[in-house]
Amino acid sequence: MLCTRLTNANILTMDPDHPVARDLGIWQGRIVGLDEAVTSLPAREVVDLQGATVLPGFIDSHVHLAWTGLKASSPSIAGLHSVDDVLQAVEKAASRKGAPGQWVHIGGYDQRALGRHLTAAELDRVSHGRRLFLMHDSGHACVVNSAVLDLLPDGVPHDNGLLVEAAMGAVRRLRLPYSQAELADAIEHAGRACLAEGITACAEAGIGGGLLGHSPVELGAYQLLRDQGRLPLRIQVMPGGDTLRPVGAHEHDGIPRGLDLGLRTGFGDDWLSIGALKIYTDGGMMARTAALTEPYEGMTHTGQLQDDPERLTDLVVDGHLAGWQLAVHAIGDRAADLALDALERAQKLRPRPDARHRVEHAGLIRPDQLARFAQLGVSAVVQPNFLRYFGDDYATVMGERRAPWMYRGRGFLNHGVTLVGSSDRPVTDGSPLRAVQFMVERASASGRLIGPDEAVTVDEALRAYTVAGAYACHWDDSAGTLAPGKRADLVVLGDDPRRVDPSRIGDIEVVTTLVDGRDTKETWTTPL
C-alpha cells in the first residue's frame, strides 16, 4: 500500500524518460512510480491536486542559512537612504539596555544607498559606549566604531572604520562565537523560509571559517537541529578553506592538509552531509572588491584577491589532493583566471574526472574563459537574482562591453558547462521562481535588459534549480528528478512556469512543499 498518491496533477518530472505525468506514488519517503504504475495501487491518502503543477523540490546550491537567520533577528538599516537616518537608527539600536562594551550587530548596510561609506567617527557619536559592527549586505565588508578599532592588532588595514575582505576576520575574532543554540535557531528560521519558496535542499556555503563562519564548532548547530528533529530541509555544509590544516597522514595518502579524522566531501546522510570545500579568491561587485582584469568603469581600481595568488592556488591544490570537491568563490574575471588555473594544476597532479569542482558566482566571465570551464568539467553556480535586483548598478560599474558577461546563462550552456542556480541568501532574494524569471527575461527589476543574449528557456532555468543542483551537490542519485527510487521531495505550484507569460513566473504561488513525502505546510485538499 502506498503512503500517498498524488493524482490529477501536472507533474513535470525533469526526467527525459518520462517528462510529464498525472499520478505519482509515494512510499516511506520515496517515489514508487508514475501514472499506470501506481494509479491502481491502494494508498492511505489520495490527494487530488486539481491540475496543480508539481516539480522536483528546488535545490539552492549556495546559501548562508545562519547568516540569514541572524540577520532577521538583528537591527537593520536596510532601506534608509541618508546618513542622518542611518545614524539615527544605529543610535536607537545602541541605546537599548546592555552593558558598556557590549557588541551591537546591525545588518542592511550598503554604501551605495548613501553615496559613501560611514566612518568610525560618525559611529562613535551614536555608540553609547557599545562596540558597533555594521555588516555590509554583500558579506565582504563591515564598518565599525573606534571602540572596535582600538582592539584590533596593529597592521589590520581599515579606512576610517571600513574593513573589507580578510581584514573582517580580525574583527570577528574579537568577539565570542555564537552559541550552537543561537545558530540552530537562526538556521531553522532560514530553513523554513526556504521551504516556503519550494526549496527542499540547499548547500550552506561556508561554515567554521572564511568570511562568514560563525563558530569553530558550527557544524554542531546543524547536528543539534538534526538530533532534535528540527532540521527543516536537507542541508549540505561547506567547510571554509581555512579550516584545513597540515595532517600527518601516510605519504601514500597524498593529503598535505585536511580536516581532523580525514573528513571530506560526502560524509553524512540524506539530511545532513559535508559538501564541497569553500575557498574564497576575491570579493564582490557590491563592495567593489571583485577582482577584475580591467578597472571598474569610471574608477581606477580592479578589486582585490583574498590572499597572495600562490597561496590561494596551493589551497585549491591541497584541497583537491585531499579528496575534496571544491567550491571556489570567484566573482571577477581575474579571480576566475586564478581559480581555473589552480583547478587545472590540481587535476594534472592527480586526475579526478568526477570531482565536480564548482566556481561559485562566476559573476564576470570573459568569452575566452567559457571553454576553460568546459574543458575542466567545472560547474558554474550562479545567482540570477543578483542581476534582477542589483543589475542596474552592476551593469553601470562593468560598462557596456562587459555587462553582457555577467552571471551568464546561454554562454555556459552552449559550451556544455553545467549551469547551477542558487541565491546566496541573504545577500538577495532567495526565490527560485523569481530567479527563473530573470534567467528567461534577463531584465532587472527596473526593466533594464542585461545581457539578453544570455537568456535561457524556462525548462533550462528549471533544470538549473533541480537536475543541475542535484548534480553539483552529488545528489543526482536521489534528487533533481521525479523518478522511481528518488526522494519524494517536491514542490506544488499554482501554475505551470512553462505556460504563463515569463513576466508572471516569479509570482506563481508555491502551494506547498513536500520533503520525504510529507507536506511541510499542511495545506492538502481533502483526501479522496
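What follows is a chat about reading the pockets, cavities and surface of this predicted model.

Colleague: Let's start with open spaces. What volume does the largest pocket have?

Modeller: A pocket is open, whereas a cavity is a space the probe cannot get out of. Here the largest pocket comes to about 880 Å³. It has 38 lining residues, and Gly169, Gly209, Gly210, Leu211 and Asp242 sit closest to its centre.

Colleague: Which elements give two or more residues to that lining?

Modeller: For the largest pocket, they are helices H1 (65–72), H6 (167–172) and H9 (309–321), along with strands S9 (103–109), S10 (131–136) and S18. By class, its lining has 17 nonpolar, 11 polar and 10 charged residues.

Colleague: And how much space lies in the second largest pocket?

Modeller: About 370 Å³. Of the 16 residues lining the second largest pocket, Pro75, Gln102, Trp103, Val104 and His105 are the closest to its centre. Helix H2 (83–94) and S9 each give two or more residues to this lining, with the largest share, 3 residues, coming from S9. Sorted by class, you get 7 nonpolar, 4 polar and 5 charged.

Colleague: Now the enclosed spaces. How many cavities of 30 Å³ or more are there?

Modeller: The structure holds 4 of them. The largest cavity contains about 150 Å³ of space. Its lining is made of 21 residues, and those nearest the centre are Ser138, His140, Ile331, Asp424 and Val427. Strand S18 (277–280) and helix H12 (384–402) are the elements that give two or more residues to it. Look at the classes too: 11 nonpolar, 8 polar and 2 charged.

Colleague: What about the second largest cavity, which residues are closest to its centre?

Modeller: That one has about 60 Å³ of space. Gly57, Thr200, Ala479, Gly480 and Asp489 are the closest to the centre, out of 13 lining residues. The lining of the second largest cavity splits into 5 nonpolar, 5 polar and 3 charged.

Colleague: On to the surface. Is Gly155 buried or exposed?

Modeller: The cut-off for exposed is over 50% relative accessible area. Gly155 has 74% relative accessibility, so it counts as exposed. You'll find Gly155 in the loop between helix H5 (146–149) and strand S12 (162–164). Its C-alpha atom is 44 Å from that of Trp475, which is 320 residues away along the chain.

Colleague: Which residues form a nonpolar patch on the surface?

Modeller: Trp27, Val32 and Leu41, with about 250 Å² of accessible area together. Trp27 belongs to strand S4 (residues 24–27). At 42% relative accessibility, Trp27 counts as partly exposed.

Terms used
Residues numbered from 1 in each chain as written. Predicted model: local features only at pLDDT ≥ 70, side-chain atom pairs only at ≥ 80, totals over all residues. Heavy atoms only, no water. 1 Å grid on protein atoms, 1.4 Å probe; cavity = no way out; pocket = protein on both sides within 12 Å on 5 of 7 lines; lining within 4 Å. Points joined across faces, edges and corners; volume = space filled by probe spheres on them. Helix = DSSP H or I, 4+ residues; strand = E, 2+ residues; numbered from the N terminus. Nonpolar A, V, L, I, M, F, W, Y, C, P; charged D, E, K, R; others polar. Buried < 20%, exposed > 50% of the residue type's maximum accessible area, 1.4 Å probe, protein only. Patch = residues over 30% accessible without salt bridge, like charges linked within 9 Å, V, L, I, M, F, W, Y side chains within 5 Å. Areas by Shrake-Rupley, 256 points an atom, 1.4 Å probe, with all protein chains shown as cover. Salt bridge = Lys/Arg side-chain N within 4 Å of Asp/Glu carboxyl O.
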